[in-house]
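Subject: Structure handover

Hello,

Here is the structure I said I would pass on. My notes on it follow below.

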Amino acid sequence: MPALDSSAVAALADQTVGWQDKAIPPAFWGRTVAEVLAAKPRLSELPTPLFTLSGPALEHNVTTMARWCADRGVLLAPHGKTTMSPALWQRQLEAGAWGITLANSYQLSVARAFGVARVMVANAVISPLAHRWIADQLAEDPAFEVIVWADSVRTVELIDAARAAHVSPDARRLDVLVELGAHGGRTGARDRQTARAIAEAIAASKTLRLAGVAGYEGSLSHGTDDASLAVIANYLRDLKTLHEEVRDLYPADLEPIVTAGGSAYFDVVADVLAGLENAQVVLRSGAYVAHDDGFYRVISPLGGEPRTPGGQLVPAMHGWIRISSQPEPGLAIFDAGKRDLPFDEGMPEPQLLRPRTPGEAVTPVEGLSIPSINDQHGFLRWDPAIAAPVVIGDELRVGLSHPCTAFDKWGLVPVIDDPDADDPVIVDLIRTFF
């Protein structure tokens with residue numbers, strides 16, 4: 001079975017764009033995506049505020065991460081919630097991704113609509129309605145694989161009860177991973193004794209199958225110093241030990257999954273878990289596809305200061321803003337805010353001034369900062385003692401931090417050929433489903 005229904009992704013090019021797509025100007029309304037792209041529009045034809053992706057950077061990041069995982073003998077199921085873009089999932093799967101990770105049943109329904117063959121829901125799905133739908137999907141398509149997590153015996157009981165009331169005794173079992181957490185972390189059993197009890201409950205169920213163990217290390221630390229990395233490594237060793245302790249409960253014909261690895265510490269995950277015998281080690285990194293100019297530039301193992309061999313990821317996402325007011329010295333207001341650009345892991349970073357007249361070159365900017373943004377406006381500041389470096393009407397490119405809260409603000413994302421060019425060409429329009 002193909003990893004994804006490429007025809008469903010290709011059909012997105014036949015969708016008509018219009019007023020509902022805030023990246024698209026009125027001049028393009030009523031055309032299909034394919035028709036818009038055939039005209040080879042340029043960035044200057046699109047309104048601000050705007051969020052774009054760099055085509056070359058996307059390709060570089062997908063290739064770099066796929067090669068890094070292959071070199072270390074680990075599988076990759078990138079977290080699709082970062083982009084919620086089947087077109088980008090397709091690129092990741094075609095580069096060798098083992099599957100796609102998602103966070104909830106709605107996101108799973110998007111993956112199902114686009115024929116994603118293997119999905120890991122990195123969460124506990126509790127709703128009986130969701131489990132009845134999942135059971136129907138598994139019955140409908142024997143090649144479709146779904147994996148969910150559980151971090152309590154109560155969760156196992158709820159899933160089992162929902163399925164037992166809906167499926168036949170001979171129905172295919174649902175794969176469940178035991179989630180191990182840590183004190184101060186997010187979800188997950190807080191000790192291996194509790195995790196063992198969860199594994200026993202899954203193994204005893206007639207509708208579920210114990211498929212491995214899972215965890216998330218990213219909430220346990222937010223630094224790259226030795227002490228921070230040691231916290232991550234210690235947790236992963238605990239996850240590895242749990243896998244060994246429940247090995248007797250796995251079905252004899254199963255190669256169990258051991259999964260961890262967000263976008264900040266996948267190097268430590270590979271160091272601790274790679275090479276496990278009779279197990280599939282699966283990373284779930286998702287932010288790498290777009291990378292950024294903020295949080296992940298600093299903390300990613302393949303960021304600005306790589307901690308591991310294998311090349312560097314490059315920022316693929318940018319914002320484009322326009323100066324709309326200069327009410328006082330040292331201050332300009334621009335036309336983008338919290339509903340347009342991410343802000344939870346750092347403010348946008350001014351980078352380039354676009355040409356004021358055709359034929360001019362882009363100009364790098366210095367001495368500008370964005371200390372805050374409102375819902376629909378942002379504040380650009382500089383030393384009020386110097387001449388204003390911008391005027392009303394100027395357009396700037398800004399670097400962004402945190403892909404996971406960038407894509408969700410845009411239903412249609414332009415992909416450009418060169419973010420450093422005077423007037424980049426729009427080479428694709430990526431549809432998201434949030």
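**Around H243**

The side chains of H243 and R247 make a polar contact at 3.0 Å. Please keep in mind that this is a predicted model. H243 is part of helix α9, which covers residues 226-245. Is H243 buried or exposed? With a relative accessible area of 0%, H243 falls under the 20% limit and therefore counts as buried. Leaving out residues up to four places away in sequence, H243 touches V213, Y250, P256, V258, L276 and A279.

**Helix α3**

Helix α3 runs over residues 55-72, which is 18 residues. At 1.5 Å a residue the helix should span 26 Å, and its end C-alpha atoms are indeed 26 Å apart, so the two values agree.

At the start of α3, the backbone nitrogen of A57 has a side-chain oxygen of S54 within 3.3 Å. Just after the helix comes G73, with a positive phi of about 70 degrees.

Which residues of α3 are buried? They are G55, A57, L58, N61, V62, T64, M65, W68 and C69. The cover over these buried residues includes the strands β1 (50-54), β2 (75-76), β9 (280-283) and β17 (412-416). Helices α4 (86-94) and α10 (266-273) are also among the elements that cover them.

**Helix α4**

Helix α4 is mostly covered, with seven of its nine residues buried. The buried ones are P86, A87, L88, W89, Q90, Q92 and L93. They pack against three helices, namely α1 (6-10), α3 and α5 (105-113), and against the strands β1, β3 (100-102) and β18 (426-431). Just after α4, G96 takes a positive phi of about 120 degrees.

α3 and α4 can be read together: α4 helps to cover the buried residues of α3, and α3 is among the elements that the buried residues of α4 pack against. Strand β1 appears in both lists, as part of the cover of α3 and as a packing partner of α4.

**The largest pocket**

How much space lies in the largest pocket? The value is about 550 Å³. Its lining is made up of 30 residues, and K81, R186, Y216, G262 and Y296 are the ones nearest the centre. By class, the lining has 14 polar, ten nonpolar and six charged residues. Helix α11 (residues 295-299) gives the most to this lining, with three residues.

Regards

Terms used: Residues are numbered from 1 along each chain as its sequence is written. This is a predicted model: local features need pLDDT of at least 70, side-chain atom pairs count only at pLDDT 80 or more; totals for chains, interfaces and linings use all residues. Side-chain values use heavy atoms; hydrogens and water are left out. Helices (H or I, at least four residues) and strands (E, at least two) are DSSP runs, numbered from the N terminus. The expected span of a helix is 1.5 Å times one less than its number of residues. Buried means under 20% relative accessible area, exposed over 50%, partly exposed in between (1.4 Å probe, protein chains only). Contact means heavy atoms within 4.5 Å. A polar contact is a pair of N or O atoms within 3.5 Å; within protein, one must be able to donate a hydrogen and the other to accept it, and residues adjacent in sequence count only if both atoms are side-chain atoms. On a 1 Å grid over the protein atoms alone, a cavity is a set of points where a 1.4 Å probe fits but cannot get out, and a pocket is an open set with protein on both sides within 12 Å along at least five of seven lines; lining residues have an atom within 4 Å of a point. Grid points are joined across faces, edges and corners, and a volume is the space filled by probe spheres set on the points. Ala, Val, Leu, Ile, Met, Phe, Trp, Tyr, Cys and Pro count as nonpolar, Asp, Glu, Lys and Arg as charged, and the others, Gly among them, as polar.
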